[in-house]
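User: Please take me through this structure slowly, with questions and answers that a first-year student can follow.

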Amino acid sequence: MTARLPAALAPWAAGLSALTPELAVALGPLLRRLDALIGEREPAVDDRGTPDGHGGLARSGRPDQLLPSEWLLADEAPDEFLRRLAEGELLHLAPEFRAPTVRGRIVALADTGPAQAGAGRLVQLAALLVLHRRAAARGTELVVGILGDPPGQWLTGDLPELLPRWLAARRHTDPTPEDVRRARQGLDDADRSWLLTSPRLADRLASRQHVLASEPSGWSADGAVRVTVRLARTSVELPLPPAPIAVRALRGAEFRRAAPAVVAVPVGATGRAQPVFTTDARTLLLRGRNTATLLAANLPGAGPEHDGAIRTRRHHLHGPVVAAGRIGRRLIALHLRGERLLPYVSGRPLGASGEFTVELAALGLDRAVLEPVCTGPLRPVLRDGDDLLCPLGGRWWRIERGGSARDDGPLAPGAEERGFQRVRERRLFPHPLLPEAERARHVVHGGTTQAWSEDGRNWVVQPRQGGRVRLSFRERAEVVGLVHQGAVPALITCTLDGRQVRSIRPDGTRTLGRFSGGVSPAAVHPTLPLLAAEPRPGRIVIGDANTGRVLYHLGSDQ
């Protein structure tokens, strides 16, 4: 399949992997001519700041950034090398930059009205591939806005998910200059916008800068075969793909589906420890190879820094562990046994034997629902007066003495998307949220600092004492922690694909390479700048979330 791409399309292999090879080849002439036309006005690179070595691995980059092993693959297995090139699987050294400049997005404003049906949408498809490649080369992203949609409503994501949504966005009326004005009002100052439309709308605009207008200009018995593309004062006539494949492309039949999301394999089969900090204590909790084994590692406090191994204490329970937490000198865990949830206490007993044992039916749950929880990161157990609190099934449950349980309210939005994310659970923040944070779509907290965002990438950070800080990143990543170095806050992010862990600070971005590439997301302490990751099953590194220095190693065959 890969060998069918001509050599001239090799630089486009990553983007064209979202299309079938037949459509990729058919779009080739149009794609290359548009690239030259747009390239005169859209630089392929951007100023990123001062180079600061390498920040991990990436699946895109220049040829000189390819790993030596990939060049060896090209010599020994050229067909496999070409396949990996086309599928975007080749590994490159990712450059790191100190104090990078703010980079805006590349925004394509698409006219999907009747005047752009057919040939116009094919030109837009090629233009999106060109702009996507240039956005990737500059380390930013391509977003698409449909003219006529509410301002700020963008189509985002990688090409396999972005292109079908763009194609499905068809409007029954042509947009107006007012639609263009409203769409541009929703842009950030650093964004670079391109308008993809027809000459009819382009001629009505006061400024035609970065306006790509197209209309059919050549016909055959099967339909349009050529199109005239106009950009500023330049006008060129370009060929369209043959009618059969053009029709299939406009119906979405020539798009490849996005790859399925990577799902963690159950821990019982892999031995993944999945480290987590569930409370404010300096205790790291992990799963053993047996789901009924709980491992607890107490991290040393202030003292001489050292690199070395720390010991864990094993706790063997009578069933799969659901949740655990160190509260004072007690380690409290909840585990399954039959159709009941039982407590386990290491330290001073909570009360008489059998107290806090609750039937699953009292929680509105059954064992089949909780078994997946028993193979993911441990949930927290908290103490509230004489009661225990635990988040299960999207709700907080209050377990009282005597085995009664009652619903204590819902989890915050996003707190249970991938397991339980303490950093996103609003009720665990020790102070009231600001009104802006209450209304925001995304909220995280760490210590006494809160941060909020509407898109998950541009954040406002408000310490308890101190001025506001704005932090942003462009890659597809989620915030897994919020830490401080003195009075300076930093967001800890983890990419959704390669699990690259980074510290996003006001003065730049630092890649925490020793904590990247793990078998599960990194764990960040809720109040301390401590970070834990599992680079390979059963091997844990723990260190400073600000500097990336590894302080402790932990390994266990349990």
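**Pocket, sheet and salt bridges**

User: Which strand gives the most to the lining of the second largest pocket?
Analyst: The largest share given by one element to this lining is three residues. Elements here are DSSP runs numbered from the N terminus, a helix being H or I over at least four residues and a strand being E over at least two. A pocket is an open set of points on a 1 Å grid over the protein atoms alone, where a 1.4 Å probe fits and protein lies on both sides within 12 Å along at least five of seven lines, and lining residues have an atom within 4 Å of a point. The element that gives the most is strand 26.

User: How should the model and its numbering be read, and what is the volume of the second largest pocket?
Analyst: This is a predicted model, in which local features need pLDDT of at least 70 and side-chain atom pairs count only at pLDDT 80 or more, while totals for chains, interfaces and linings use all residues. Residues are numbered from 1 along each chain as its sequence is written, and side-chain values use heavy atoms, with hydrogens and water left out. With grid points joined across faces, edges and corners, and volume taken as the space filled by probe spheres set on the points, the second largest pocket comes to about 920 Å³.

User: How many residues of the lining of the second largest pocket are charged?
Analyst: The lining has 34 residues, and Arg441, His442, Asp455, Gly456 and Arg457 are those nearest the pocket's centre. Asp, Glu, Lys and Arg count as charged, Ala, Val, Leu, Ile, Met, Phe, Trp, Tyr, Cys and Pro as nonpolar, and the others, Gly among them, as polar. Beside eight nonpolar and ten polar residues, the number of charged ones is 16.

User: Which strands stand at the edges of the open sheet of four strands, and why is one side of each left without a neighbour?
Analyst: The sheet runs in the order 26-27-28-29 with antiparallel pairing, where two strands pair if DSSP finds at least two bridges between them. Each edge strand has a single partner strand, so one side is left without a neighbour in the sheet, and these edges are strand 26 (477–485) and strand 29 (508–511).

User: Which residue stands opposite Thr493?
Analyst: Strand 27 (residues 488–495) and strand 28 (residues 501–505) run antiparallel and are joined by four bridges. Across from Thr493, in strand 28, stands Arg502.

User: Is Arg502, which meets Glu475 in a salt bridge, buried or exposed?
Analyst: A salt bridge is a side-chain nitrogen of Lys or Arg within 4 Å of a carboxyl oxygen of Asp or Glu, and for Glu475 and Arg502 the N to O distance is 2.7 Å. Buried means under 20% relative accessible area, exposed over 50% and partly exposed in between, using a 1.4 Å probe and protein chains only. Glu475, at 25%, is partly exposed, whereas Arg502, at 13% relative accessibility, counts as buried.

User: How far apart are the closest N and O atoms of Arg395 and Asp407?
Analyst: Arg395 lies in strand 20 (residues 395–399) and Asp407 in strand 21 (residues 405–410), so their salt bridge ties together parts that are twelve residues apart in sequence. Arg395 is partly exposed at 30%, and Asp407 is partly exposed at 37%. Their closest N and O atoms are apart by 3.0 Å.

User: How many salt bridges are counted?
Analyst: Some residues are linked in a network, namely Asp384, Asp387, Arg398, Asp408 and Arg427. By the rule already given, the count of salt bridges is 26.
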